[in-house]
Amino acid sequence: MVGQMDITFLGTSSAVPSATRNHQSMALRLPTGNVLVFDVGEATQHQFQKSQVRTGRIQAIFITHLHGDHCYGLPALICTMSMTLQNEISETLEIYGPANLRRWLRSTFQLTYATFQRKYRVHEFLSPNDPRDENLGLMENELPGDNIYSQPSSHWQVQLEDGYTVTAVPILHSIPALGYIVCEPPVPGKINLSEIKPILDRQKDALARQGIKNPMVLLGQLQKGQKVVLPDGTELLPAPTRRGRKVVILGDTKDATSVIPFCEAYPPHVLVHEATNALTSADPPGTTLEEVTASTVDHGHSTPQMAGSLANAIQAKHLLLTHFSSRYRGDESPGALALMEEIRAQAIETAGHENVHCARDLWSFNIEM
Ligand SMILES: [Zn+2]
Ligand SMILES: [Zn+2]
């Protein structure tokens, strides 16, 4: 059995929030129950309260870039978590992101007289020319964060406690921005029940004499990767482990082809990609796709077609679109649904398959193997 993994969209708007879309944030819930948060736009803590995701299970927070619609909710979330909630996982809140994140947070906390019950620490993914914070003048409950370099600085990788890896890759936007690739550790192989059940049945009586009344309990042992030796000496070996799930979560981008090499050996189960603007029936007559694309890219963003192209290039099984312009309402009114369906269809054109979804606030997607 492979545990459930899902992603909840806490906010799906681009720069300007609307009554139906909050600023950016996503919560990836792992089979362990732990939660990785990607971006914390303004009022994300309110969205958590409306969702099924518990802030007490947050294991780490990853920031894609320092535009306010992706991080202005972070100081508030940290303060609230520190004041009112016991974290069930660890004493220290781990935060990862680009250069200047640590200094910005520290300045915000110091200038607003913030106090904490819990410790936090900010790790930065740095390139050689980035400003480097030396962890001087720390807040009372701030621990020194890591300055993480990689040579060459094409990507950075962190290993989380339970075997998950998170790789950060620079992607193109109007300011430095990161895409994140989450890889699950290997999962148990599939047990061939039709092959194993007759073998267990044949040994039923001998197993009963050993106190094992229901031979099927031995399947649990195999599932855990342990060998089973039957009374007649027959050895049942666990199925070889399988690669776990891979989830690519991008920040704002006009070009994220830098993630392609990280998906070549093993395509992702999910790609989360922005689709800020599109040419839709709501646009003035005569507007062309070329015009919309040029203006979107000029602002550092993507169209649904661009998102679909990347999904196709990395063979992502599912493409989840987010970060929509405030022109695209995120409710279930017929007009909003029709417009989002237009956007979805445009991404399908280039993705080459129909596993494309437009995210709405508080919508969860179950990531299957
Ligand atoms: Zn944004
Ligand atoms: Zn941005």
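Visitor: What spacing do the donors of the zinc ion (ligand 1) follow along the chain?
Guide: They go D-H-x181-D-x70-H. The pair Asp69 and Asp252 links distant parts of the chain, with Asp69 in helix α2 and Asp252 in the loop between β14 and β15, 183 residues apart. Keep in mind that this is a predicted model.

Visitor: What makes a residue a protein donor of the zinc ion (ligand 1)?
Guide: A donor is an N, O or S atom within 2.8 Å of the metal. Asp69 (OD), His70 (NE2), Asp252 (OD) and His323 (NE2) lie 2.1 to 2.2 Å from the zinc ion (ligand 1), so they fit that cut-off.

Visitor: Why is the arrangement around the zinc ion (ligand 1) called irregular?
Guide: Its 4 donor atoms subtend angles of 90 to 163°. Tetrahedral needs all angles between 85 and 135 degrees, so 163° rules that label out, and the arrangement counts as irregular.

Visitor: How do you know that Asp69 and Asp252 count as buried?
Guide: Buried means under 20% relative accessible area. Asp69 comes in at 10% and Asp252 at 2%, so both get the label.

Visitor: What does Asp252 bridge?
Guide: Asp252 bridges the zinc ion (ligand 2) and the zinc ion (ligand 1), which lie 3.5 Å apart.

Visitor: Which residues coordinate the zinc ion (ligand 2)?
Guide: His65 (NE2), His67 (ND1), His173 (NE2) and Asp252 (OD) do the job, at 2.2 to 2.3 Å. In sequence, these donor residues are spaced H-x1-H-x105-H-x78-D. His67 sits in the loop between β4 (58-62) and α2 (68-71) and His173 in the loop between β10 (165-171) and β11, so the pair ties together parts that are 106 residues apart in sequence.

Visitor: What makes the arrangement around the zinc ion (ligand 2) irregular?
Guide: The 4 donor atoms subtend angles of 91 to 164°. With a tetrahedral limit of 135 degrees, the 164° value doesn't fit, so irregular is the label.

Visitor: Are His67 and His173 buried or exposed?
Guide: His173 has a relative accessible area of 8%, so it is buried. His67 has 26%; that falls between the 20% and 50% cut-offs, so His67 is called partly exposed.

Visitor: Why is strand β14 said to be largely enclosed by the rest of the structure?
Guide: Because 5 of its 5 residues, 246-250, are buried. Lys246, Val248 and Leu250 point one way, while Val247 and Ile249 point the other way.

Visitor: How do you know that β14 pairs with β11?
Guide: Pairing takes at least two bridges, and β11 (residues 177-183) and β14 share 5, so they count as paired, in the antiparallel sense. Ile181 stands opposite Val248 there. With β15 (residues 270-274), β14 has 3 bridges and runs parallel, and Val247 stands opposite Val270.

Visitor: How do you know that the span of helix α10 agrees with what it should be?
Guide: At 1.5 Å a residue, its 18 residues (334-351) should span 26 Å, and its end C-alpha atoms are 25 Å apart, so the two agree. Just after α10, Gly352 takes a positive phi of about 85°.

Visitor: What covers the buried residues of α10?
Guide: The cover includes α9 (304-313), β16 (318-322) and β17 (356-358). Among the buried residues of α10 are Leu339, Met340 and Ile343.

Technical notes:
Residues numbered from 1 in each chain as written. Chains lettered and ligands numbered in written order. Predicted model: local features only at pLDDT ≥ 70, side-chain atom pairs only at ≥ 80, totals over all residues. Heavy atoms only, no water. Buried < 20%, exposed > 50% of the residue type's maximum accessible area, 1.4 Å probe, protein only. Helix = DSSP H or I, 4+ residues; strand = E, 2+ residues; numbered from the N terminus. Expected span 1.5 Å × (residues − 1). Contact = heavy atoms within 4.5 Å. Donors = N, O, S within 2.8 Å, 3.2 Å for Na, K, Ca; no water. Tetrahedral: all angles 85-135°; square planar, octahedral: opposite > 155°, others 65-115°.
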